[in-house]
Amino acid sequence: MLFNSIEYAFFLPIVFCLYWFVTNKNLSLQNAFIVGASYFFYGMWDWRFLSLIVFSTMVDYTIGNLLHHYKNNNIRKALLWVSILVNLGFLGVFKYYNFFVDSFVDAFSLFGTKPNVSTLKILLPVGISFYTFQTLSYTIDVYRNKLTPTKNFIAFAAFVSFFPQLVAGPIERATNLLPQFLKSRKFEHAQAVDGLRQILWGLVKKVVVADNCAHYVNIIFNNSADYNGSTLLLGAILFGFQIYCDFSGYSDIAIGTARLFGFKLMQNFAFPYFSRDIAEFWRRWHISLSTWFRDYLYIPLGGSRGSNFLKVRNVFIIFLVSGFWHGANWTFIVWGFLNALYFLPLLLLQKNRTNVSTVVAQNNWLPTGKEAIQMIITFSLVSLAWVYFRAENLLHANDILAEIGSASLFSIPQVLPRLVLVIVIVFVLIEWFGRRNQYAIESIEQVLKARPLRWAFYFLLIFFIQSLAGNQQEFIYFQF
Amino acid sequence: MKEFLKKIVLFFFPIIFIFCGAEYILRHIPNDYSSKNNYLKQNGNEIEILILGSSHAYRGINPSYFDCTTFNAAYVSQTIDYDYFIFKKFEKELTSLETIVLTISPFTLYNQLQDGTESWRVKNYSIYYQVPKKIESHLDFELTSMRSKVNFKRFYSYYLLKRTPNLSQENGFKTFSLPQLSQNEFVKSAREASERHNYKTLKRKKQNQNYINNIVQYGKKNGIDIVFVFPPVSEDYYSLIQENQKTETRSFIGGLVKSNDHLYSVDLTTNEMFQRDHFQNADHLNKKGAEKLSSYLNEKICVN
C-alpha cells in the first residue's frame, strides 16, 4: 500500500478512528492493533514476506532478553552474533545473493573459466533493509547495556513493524521508539494538526515535485545516448530533486502519520541541498541511516580517532557500506566511493565539523556570496554522484558523465520541461524560507495567522497535488 | 479530539464534495467505452460476428462491410485479457453469436494493458465495463487516473463548448481522420510501434495463452467459430518485430487451428493485397485499407 494511494486514504482514517476510539482504553490492545494494522499494511504488498518480519521480531525479542539474562561475555557475544547473522543473513539472501553470484562468475570469466553457479529468482521483500537495521539496533543497544530489553512482546512487535516507517524508514532506534510503545499515548490536538500538515507537505513533495521530475528523468536517462551534455546535466539535477522529494516526502508522510498516533519519529532530512560542504550534506541527508552507520559501524571502527590511515579507512568503509546498503549493484558502490572521496579532504583538513550547529544564513534572508558558492559546489558534487545512483550500470553512468564533460554541455538542452522547472524553483524557495524548521511549512501558523488563510493555503496545496500530479511512481527507496 | 474531528470534517467535506461532483460529471461525458458497453448490453442478442482485439482490429475491420450483423468490440491498446473479459461479460447477451473474429497481433501473446505506458486506460474498463480492477485503485477514478489538464479540457469541450466527443461509429468501428504520413514519419512510426510491441518479458505469455484457450473452449462448447486474423501490417514494421515472437505466435495459433475444427486462421500480415496507400501508419490500416480487409473477411466469413 502506497502512502499516495486511494487505499491509504481509506486505511489511515479507519485505523486512526479504531486506534483512538476503540482500542484506546487498553495499551496492550492498542499496541496489538498497531501490529495488526501494520501487518495488514505490509501484507498488501506480499503476505508471504510477513513471515520474515515475524521471524525477525521473535529472534530479536528472544535474543534481547537472553542478553539481559546472561552475564557471561562470551555467551552475550555469541547471542549478538546470532542476531546479526540472522538479520544480515536474510538481507544477504534476499538482496545480495544474485549480486555475489554474478560478480563471482564475472571475476572467474576474466580468467577464461565460467563456473556454473545459478542465480535465484528472488523477489526483494519491501523494506527489508529498513526493518532489519531497526531490529539490529535493538539487540546491539541491549548488548551494549544502553537499553533494557522489553518483556512486552506485543510492544516489541509494534516497534519492529510500526507501519508509518516500516518500509522506508526513518530507521528508528529502539531507545527512541520502543519506550513510546510502553507508555500510554494521549491525543494531542496540536501534534495531530502538525502531523496532518507534514503529511500534506510530504504528498506535495512526492506527487508534485518527485513524480513530475521522474517523468523527464526517465526520458533522459533511458535515452541518454540521444542527448547532449546540457540535457544530461539537467537530467542529473532533476534526479537530485526527484530522489530528495521522493524520499524526504515519504519520511514526512511517515513522521506525520506517526504524530497522528501520538508518536514522535526522528527527523530524516534537514534541507540537505542547502549544505555548505559534503560533511554537512551527510548530516542532513537520510539522517536515520547516516547516524545508524555512525553509531554502529564508524565509531566501533575507531571513528575519526587514530592515525590518518585509520581515519581514511573508516571513511571509505562507511561510505562503501552505505552505497552497498542501497542496492546490490556496482553503481551504488561507486556512488559511495565518490562520496567518500568528496568527504576526505574535509576530514584530513579537519574541516568536516565546520557547519554543525547552524543552518545556512541562520539569521538572514539570503546567503552570503561565499555560502551561495559553497552550496552550489556541494549540490553539483552531489548531483554528479547521483548519476551513478540512477544509471543502469557503470558504463551507462560513465557515458553520461563523459557527455556532461564534453563541449555539448554548452549547447541548448534538447529537453526543456518548463513546468517542472517552475515547480522545482517554487519548491526550492518554499524550502529555503522554511529551512529552520523540521519541514518547510511547519511554521505556517506564524506566517498565516488567520485560519481561513491557512486553510486556503492547504486547499491550494491539495489543488496542486490533484492538478499537477505526475504519473504515479513507486517510492524509490522501496527497492532498498 | 472532538475539536480535531470537527475540523477534519469541515476541512475535508468540500474536498470530498468537489471530488465526487467532478467524478460524476466526468463519467457522464460520452465515450467509446461506455457506448460500446451499452451497445453490447442492448443489442448483444443480435450480434452474429463479434470482433475483438486492439487498434489493429478497431481501425482495420469495419462491420459496415459485413453481410451479417457484426460489432467491433476492439479498441486502442486493448489486450487479450480485456478481450476475454468483455466477451465473458456479455456471453449471456450474445445469443445469436456465430463467429468471433480475434485479431492476433505480434504482441497478443505477450502484453497486457496494465503493464505498458497505456496502463491508464485500465480505468475505462473498470469504470465503464465494470471489469474487476487489476492494479492500483487510482485507476478506478477518472479524476485520479488522468492529468487534470486533460480532464479539464474534456469538461470544457463537452459542457461549456457543447461539443460532442468524436466517438466510434455505432458498430464500434472508427477510422483515422489524420493526413497521410510522409515516408520518414511512416518509418518512424514503424520503429516506435515495434519498440512498444516487441516483448520485454514473458511473464504474461502463459496467462494470455490461457485467455485464448478459454475463448477457444467456449467456442467449441457453444458451436461458435473462431477466426484468428493476423492483421495486415507494413513490412517496415514487421521486419522490426523479434523473430521468435513472430514464430511463437504463429506456431501457437497454428497448433490450435490444427487440432480444432471450429478454428480458422487468416494470415494477412504482410500480404501483397495491402500496399502503402492502405496504411495510415506502419501498423494500422486507413479507411481504404479497412474497407479492403473488411470486404475480404466478409467474403471469407459471411459469404462462404
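# Exercises on a two-chain predicted model

In chain B, B:V229 has B:V266 of strand 5 as its bridge partner. Keep that pair in mind; we'll come back to it. This is a predicted model, where local features need pLDDT of at least 70, side-chain atom pairs count only at pLDDT 80 or more, and totals for chains, interfaces and linings use all residues. Residues are numbered from 1 along each chain as its sequence is written, while chains are lettered from A and ligands numbered from 1 in the order in which they are written.

## Exercise 1: confidence

Task: find where confidence in chain B is lowest and where it is highest.

Solution. Start with the chain average: chain B has a mean pLDDT of 90 (the predictor's confidence in each residue, from 0 to 100). Of its residues, 98% score at least 70. Now go element by element, taking helices (H or I, at least four residues) and strands (E, at least two) as DSSP runs numbered from the N terminus. Helix 6 (residues 142–145) of chain B is at the bottom with a mean of 84, and strand 2 of chain B is at the top with 95. For the model as a whole, the scores are ipTM 0.75 and pTM 0.82.

## Exercise 2: the sheet in chain B

Task: work out the strand order of the open sheet in chain B, then say which strands stand at the edges.

Solution. Two strands pair if DSSP finds at least two bridges between them. Go pair by pair:

- Strand 1 (residues 49–52) of chain B runs parallel to strand 2 (residues 70–72), with three bridges joining them. B:I49 sits opposite B:T70, and B:I51 opposite B:N72.
- Strand 1 of chain B also pairs with strand 3 (residues 99–103), again in the parallel sense, over four bridges. Here B:L52 faces B:L102.
- Strand 3 of chain B is joined to strand 4 by five bridges, in parallel, and B:T103 stands opposite B:V229.
- Strand 4 of chain B runs parallel to strand 5, with five bridges between them. This is where the opening pair, B:V229 and B:V266, belongs.

Put together, the five strands of chain B form an open sheet in the order 2-1-3-4-5, with parallel pairing. Strand 2 and strand 5 (263–267) of chain B each have a single partner strand, so one side of each has no neighbour in the sheet. The twist from one strand to the next averages 20° (axes are lines fitted to C-alpha atoms, and angles run from 0 to 180 degrees between N-to-C directions).

## Exercise 3: burial and B:L102

Task: decide whether B:L102 is buried or exposed, and list its contacts outside its sequence neighbourhood.

Solution. First, the cut-offs: a residue is buried if 20 or more other C-beta atoms (placed from the backbone) lie within 10 Å of its own, exposed if 12 or fewer, and partly exposed in between. B:L102, found in strand 3 of chain B, has 27 other C-beta atoms within 10 Å, so it counts as buried.

Next, contacts, which need C-beta atoms within 7 Å. Leaving aside neighbours within four places in sequence, B:L102 touches B:L52, B:G53, B:D83, B:I215, B:I226 and B:F228. B:F228 is 126 residues away along the chain, yet its C-alpha atom is 5.0 Å from that of B:L102.

Finally, look at the strands on either side. In strand 1 of chain B, B:I49 and B:I51 point one way, B:L50 and B:L52 the other, and all are buried. Strand 4 (residues 225–230) of chain B has five of its six residues buried, so the rest of the structure largely encloses it.

## Exercise 4: where chain A meets chain B

Task: describe the chain A side of the contact with chain B.

Solution. Count first: twelve residues of chain A and ten residues of chain B take part. On the chain A side, helix 1 (6–22), helix 9 (189–222) and helix 19 (451–467) give two or more residues. Helix 19 of chain A has the largest share, four residues. By class, that side has six nonpolar, five polar and one charged (Ala, Val, Leu, Ile, Met, Phe, Trp, Tyr, Cys and Pro count as nonpolar, Asp, Glu, Lys and Arg as charged, and the others, Gly among them, as polar).

Key
Two residues are in contact if their C-beta atoms, placed from the backbone, lie within 7 Å.
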